Amino acid sequence: MRKFEFIAPCHFGLEAPLKREIIDLGYETVSVEDGRITFYGDEEACVRANIFLRTAERVLIKVGSFHAQTFEELFQGTRALAWEDYIPRDGRFWVTKAASVKSALFSPSDIQSIMKKAMVERLREVYHTDWFEETGEKFPVRVFILKDEVTVALDTTGESLHKRGYRKLCGKAPIAENLAAALLMLTPWKRDRILIDPFCGSGTIPIEAAMMAANMAPGMNRSFTAESWPHIIGKRNWYDAADEAAEQIDLTIDADIQGYDIDDKMVSAARTNARLAGVEKMIHFQKRDVSDLSHAKKYGFLITNPPYGERLEEKAALPQLYRTIGERYRELDAWSMYLITSYEGAEKDIGRKADKNRKIYNGMMKTYYYQFLGPKPGKKSRREV
């Protein structure tokens, strides 16, 4: 079976959970860089990575890499790659995205245009034709240039992997599904522990938690670009991976996952999304203000994405909101709290310094994942000693 070098991009700061996922799937990682993991695998690995990875943004097949400081070097380096191994005579191909960091070549549109010309030149010589109809399947190409080192890859995924297919309704600032999954993985939460998201919005964090608890593969209900590449990835691999995903689901587990929001419309949207994800029976959604947050049981988890105050009219309300979060958290018995926010005054207003803090880039926005750790079940907290 054909072997490939794959690249899996992710949010900056979330490389660790993605690396763990890839290893858990049984594949060897090659390198860990800012915002991406490289690993080896076969055709089956491509399919299983797309269907089972929760924290990746997409799965790319590395076509090649080379050094380029001029557009001529970029052209010749691209032209030297074996595009005929991937793109058939009638294939539709283009450079869908070009990213450049600390490099002499920095214009995305120029990079895309020159690489397309180089690909055409290579395939023209191989297929002995002067014209490509490009009426066949899609072969989107992505390029990363870091310190003049060019990495070229085919996108096997298509729409980003965060688009699981269940979120039809969402609010004004929804958290991406793969980011929500990564936040959950960065906690010790397990499916037998209570989880509450007091700012659930359209329900992404509770839904991702329920899917994890039920062992439901995030990509099992969507399609991928490489499904139409039978000359690269055999059809049987997709059928086998779909069967594997279906066999692993367990919806009989007894989970206590809750989502609250102050907006009736968001609560309704969250319920709809949970139903589309197939986990509506595992989550209790309710209209509730964070000031009413309480729970009688011990050792639960608050995992949430509260408002950041990105709009000017919302900034003034942030100090009181985070003070309320801190007050309600202190009333919970032996709970842990994990929240992601770009609000710099979060710890001050919550009234406690986080035990851990991780910097994560949510798109271009720098955010902090504050982790307030409670005691493990069976161990006394410092207040109880």
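Trainee: How many cavities of 30 Å³ or more does a search of the whole structure find?

Mentor: One. Keep in mind that this is a predicted model. The largest cavity has a volume of about 30 Å³.

Trainee: Which residues line the largest cavity?

Mentor: The lining is made up of P198, F199, V290, L293, L302, T304, I325, M337 and L339. Two elements, β11 (301–304) and β12 (336–341), each give two or more residues to that lining.

Trainee: And how many nonpolar, polar and charged residues does the lining have?

Mentor: Sort the lining by class and you get eight nonpolar residues, one polar and no charged ones.

Trainee: Let's move to helices. Why is helix α2 said to be largely enclosed by the rest of the structure?

Mentor: Start with the general idea. An α-helix has 3.6 residues a turn, so residues three or four places apart point the same way. Now the case here: α2 covers residues 43–52, and nine of its ten residues are buried, so the helix is largely enclosed by the rest of the structure. The buried set is E43, A45, C46, V47, R48, A49, N50, I51 and F52.

Trainee: What covers the buried residues of α2?

Mentor: The cover includes β1 (3–9), α1 (15–24), β3 (36–42) and α7 (235–248).

Trainee: Which residue caps the N-terminal end of α2?

Mentor: That's D42, with a side-chain oxygen 3.1 Å from the backbone nitrogen of E44.

Trainee: Since α7 is part of that cover, what does N237 touch?

Mentor: N237 is in helix α7. Outside the residues up to four places away in sequence, N237 touches M1, E43, E44 and V47. Its side chain also makes a polar contact of 3.2 Å with the side chain of E43. As for exposure, N237 has 11% relative accessibility, so it counts as buried.

Trainee: Is K235 buried or partly exposed?

Mentor: K235 also lies in helix α7, but at 42% relative accessibility it counts as partly exposed. Setting aside neighbours within four places in sequence, its contacts are E227 and P230. The K235 side chain reaches the backbone oxygen of E227 at 2.9 Å. For a sense of distance, K235 and A334 sit 99 residues apart in sequence, with 50 Å between their C-alpha atoms.

Trainee: Now the nonpolar cores. Which residues have the most contacts inside the largest one?

Mentor: The largest nonpolar core has 57 residues, and the ones with the most contacts inside it are I51, L74, W83, V143 and V152. Helix α4 (residues 108–127) gives the most to this core, with seven residues. You've met I51 already, among the buried residues of α2. Take L74 as another case: leaving out residues up to four places away in sequence, it touches F66, A68, L105, I111, I114, M115 and V150. There is also a second, separate core of 39 residues, which includes A176, L195, F301 and Y308.

Trainee: What about polar side chains in the interior? Where is T156?

Mentor: Look in the loop between β7 (149–155) and α5 (177–185). T156 has 0% relative accessibility and so counts as buried. Its side chain makes a polar contact with the side chain of N50, at 3.0 Å, and N50 is one of the buried residues of α2. A polar atom of the T156 side chain also lies 2.7 Å from the backbone oxygen of V59. Beyond its neighbours within four places in sequence, T156 is in contact with C46, N50, V59, I61, F224, T225, A226 and W229.

Trainee: And is R58 buried or exposed?

Mentor: R58 is buried, with a relative accessible area of 9%. You'll find it in the loop between α2 and β4 (60–67).

Trainee: Which side chain does R58 join through a polar contact?

Mentor: The side chain of D155, at 2.6 Å. The R58 side chain reaches the backbone oxygen of G158 too, at 2.7 Å. Both D155 and G158 appear in its wider contact list, which leaves out residues up to four places away in sequence and also has I7, A8, P9, R142, T157, E159, S160 and L161. By C-alpha atoms, R58 and R2 are separated by 20 Å, with their positions 56 residues apart along the chain.

Conventions. Residues are numbered from 1 along each chain as its sequence is written. This is a predicted model: local features need pLDDT of at least 70, side-chain atom pairs count only at pLDDT 80 or more; totals for chains, interfaces and linings use all residues. Side-chain values use heavy atoms; hydrogens and water are left out. On a 1 Å grid over the protein atoms alone, a cavity is a set of points where a 1.4 Å probe fits but cannot get out, and a pocket is an open set with protein on both sides within 12 Å along at least five of seven lines; lining residues have an atom within 4 Å of a point. Grid points are joined across faces, edges and corners, and a volume is the space filled by probe spheres set on the points. Helices (H or I, at least four residues) and strands (E, at least two) are DSSP runs, numbered from the N terminus. Ala, Val, Leu, Ile, Met, Phe, Trp, Tyr, Cys and Pro count as nonpolar, Asp, Glu, Lys and Arg as charged, and the others, Gly among them, as polar. Buried means under 20% relative accessible area, exposed over 50%, partly exposed in between (1.4 Å probe, protein chains only). Contact means heavy atoms within 4.5 Å. A polar contact is a pair of N or O atoms within 3.5 Å; within protein, one must be able to donate a hydrogen and the other to accept it, and residues adjacent in sequence count only if both atoms are side-chain atoms. A nonpolar core is a set of buried Ala, Val, Leu, Ile, Met, Phe, Trp, Tyr and Cys residues joined through side-chain atoms within 4.5 Å.
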